[in-house]
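Here are a few notes from going through the model. Have a look at the structure, then see if you agree with the points below.

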Amino acid sequence: MDTSPNPGGRAAAAPLRSRAREVMKSQVIAVASRLFDEQGFDNTTVDQIAAEAGLSRATFFRYFKTKEDVALDGLNELGRRVAAAFVAQPDGERPWTALRHAFDVMTGEHASDPDRSLRFFKMICETPSLKARHWQKQQHWHELLDPEMRRRLGRPAAPHDPAAAALVGAGLACLDAATEACLACDGTETLASLLDRSMGALDG
């Protein structure tokens, strides 16, 4: 039995603190995104972001480890959504087809605001530190997608079996190729159509 005062109040406070943290993170991301658009990523400092968000520099680093993490924060949640969409595809679909359909989460995000997506793609491509951090986050996507690919292939969870990892890696490479092509054509072709072409090139 918990004899400490008001244990229920402490339990209720935990989700409130969590929500408050997410609200503050969202505010910082919104401020940073505006500054990145206005000034460029490299010309925007952590001190500027913190000041405009009403935070101290020390408080900023309680929410984000680096400036790159602010810019790419949404990729973690996006990866989880892609993985969930992959799991949700019908079992009768070919694994490669199911993976393409899971990437509709990405193409849908692009279609809803193509100008914003192009600015984001350009910022990553033009900033070496962001490209490196983006690659690290994409490796996490690989980890999220690999188990479902193994299941669909009927493969055991053996580290020496490369089939699932090869397909997931190829799919992510196709996604990168499609986003780079979308940026190169300045969005005159949709990300969805470019992704169809890039993944189709490996499905002949």
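Does Lys25 count as buried or exposed? Read on for the answer, and keep in mind that this is a predicted model.

1. Lys25 counts as buried, because its relative accessibility is 15% and the cut-off for buried is under 20%. Its side chain meets that of Asp73 in a salt bridge, at 3.4 Å from N to O. Lys25 sits in helix H1 (residues 7-39) and Asp73 in the loop between H4 (67-72) and H5 (74-88), so the bridge ties together parts 48 residues apart in sequence. Asp73, at 22%, counts as partly exposed.

2. Helix H1 also carries Arg34, which pairs with Glu52 of helix H2 (residues 46-53), 18 residues apart. The closest N and O atoms of this salt bridge are 2.4 Å apart. Arg34 has 35% relative accessibility and counts as partly exposed; Glu52 does too, at 45%.

3. Then there's Asp203 with Arg94, a salt bridge at 2.7 Å, N to O. Asp203 is in the segment after H11 (191-200) and Arg94 in the loop between H5 and H6 (95-102), so this pair ties together parts 109 residues apart in sequence. Elsewhere, Asp91, Glu148, Arg151 and Arg152 are joined into one network by salt bridges that share partners. The structure holds 16 salt bridges.

4. On helix packing: the axes of H7 (residues 104-112) and H8 (residues 114-126) come within 5 Å and cross at roughly 110°, so the two helices are roughly perpendicular. Glu109, His110, Ala111 and Ser112 of H7 make the contact with Pro114, Ser117 and Phe121 of H8. By class, that's three nonpolar, three polar and one charged residues.

Key. Residues numbered from 1 in each chain as written. Predicted model: local features only at pLDDT ≥ 70, side-chain atom pairs only at ≥ 80, totals over all residues. Heavy atoms only, no water. Axes fitted to C-alpha atoms, helices over the stretch in contact; angles between N-to-C directions. Helix = DSSP H or I, 4+ residues; strand = E, 2+ residues; numbered from the N terminus. Parallel < 35°, antiparallel > 145°, perpendicular 65-115°, else oblique. Contact = heavy atoms within 4.5 Å. Nonpolar A, V, L, I, M, F, W, Y, C, P; charged D, E, K, R; others polar. Salt bridge = Lys/Arg side-chain N within 4 Å of Asp/Glu carboxyl O. Buried < 20%, exposed > 50% of the residue type's maximum accessible area, 1.4 Å probe, protein only.
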